[in-house]
Amino acid sequence: MGMDLLPIVMIGVMVAAIFAATMSSMDSGLNRNAGILIKNFYQPVIRPRAGDGELLFAGKMVTLLLGALIIGAAIWQVRFKNRGLFDVLLQFVALVGLPLNVPMFWGAVIKRTPDWSGWSTTVVGFCLSVLIKLFFDASWLNGMLNLDPPLSVRESNDYLFIVAV
């Protein structure tokens, strides 16, 4: 719509505004996630006696690492020409979002849990989701059920989401 209705000069301003809005939410998300990792994992588990300077440096390094992971994930996603961004987002939610929600739900129900239960449940759930996704893909289902014709691209994407869940 912007390409059709806006003057050529305003299209550049619109693209800059889109990038600025994306960067704003991305950097606050990176800082929030780095803070969560540092205060809830690094400080209590790895370095309980870390000073403020060390925690600040570790937070910067975790922010850098998370940013590199996001850039790597974006570059990796470009390889999937037959999958849209929506399907990749669904896969991400299935692989990462659901394992994160399990300890959150049980943490609200069960009040007295060990300190390690939340992050270990998340790690185990994520690893299990990845293993299931890698070994039980659409080609496995096609071979198992002798489907003729095989699953379409849309059906394969839906199947991958269901299996990851």
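Good morning. I begin with the surface, where Leu-131, Leu-134, Phe-135, Phe-136, Trp-140, Met-144 and Leu-145 make a nonpolar patch of about 730 Å². A patch consists of residues with over 30% relative accessible area and no salt bridge, with nonpolar side chains (Val, Leu, Ile, Met, Phe, Trp, Tyr) joined within 5 Å and like charges within 9 Å. The areas come from the Shrake-Rupley method with a 1.4 Å probe, and for residues only the protein chains shown count as cover.

The model is predicted: local features need pLDDT of at least 70 and side-chain atom pairs count only at pLDDT 80 or more, while totals for chains, interfaces and linings use all residues. Residues are numbered from 1 along each chain as its sequence is written, and side-chain values use heavy atoms, with hydrogens and water left out.

Which helices supply the patch with at least two residues each? They are H5 (117-135) and H6. Helices here are DSSP runs (H or I, at least four residues), numbered from the N terminus; strands would be E runs of at least two. Leu-131, in helix H5, is partly exposed, with a relative accessible area of 46%. That term covers the range between buried, under 20% relative accessible area, and exposed, over 50% (1.4 Å probe, protein chains only).

Helix H5 also has buried residues, namely Ser-117, Ser-120, Thr-122, Gly-125, Ser-129 and Lys-133. Its 19 residues should span 27 Å at 1.5 Å a residue, and the end C-alpha atoms are indeed 27 Å apart. The expected span is 1.5 Å times one less than the number of residues.

I turn now to helix H2. Its 39 residues, 8-46, should span 57 Å, and the end C-alpha atoms are 54 Å apart, which agrees. Where is the kink in H2 centred? It is centred on Ile-38 and amounts to about 35°; the bend at a residue is the angle between axes fitted to the seven residues ending there and the seven starting there. Ile-38 is also one of the buried residues of H2, which include Leu-30, Ala-34 and Tyr-42. The buried residues of H2 pack against helix H1 (2-5) and helix H3 (52-77), contact meaning heavy atoms within 4.5 Å.

Helix H3 has 26 residues, with an expected span of 38 Å and end C-alpha atoms 37 Å apart, which agrees. Among its buried residues are Leu-55, Ala-58, Val-62 and Leu-66.

Next, the charged side chains. Side chains of opposite charge can pair when their charged atoms come close. A salt bridge requires a side-chain nitrogen of Lys or Arg within 4 Å of a carboxyl oxygen of Asp or Glu, and by this rule the count is 1. The partners are Glu-54 and Arg-47, at 2.8 Å from N to O. Glu-54 is partly exposed at 27% relative accessibility, and Arg-47 is partly exposed at 39%.

Finally, the loop between H6 and H7. Most residues other than glycine have a negative phi, and most peptide bonds are trans. Asn-146 has a positive phi of about 50° although it is not a glycine. Is Asn-146 buried or exposed? At 64% relative accessibility, Asn-146 counts as exposed. Pro-149 lies in the loop between helix H6 (138-145) and helix H7 (153-164), and the peptide bond leading to Pro-149 from Asp-148 is cis, with omega near 0°. Asn-146 has its place in that loop between H6 and H7 as well.
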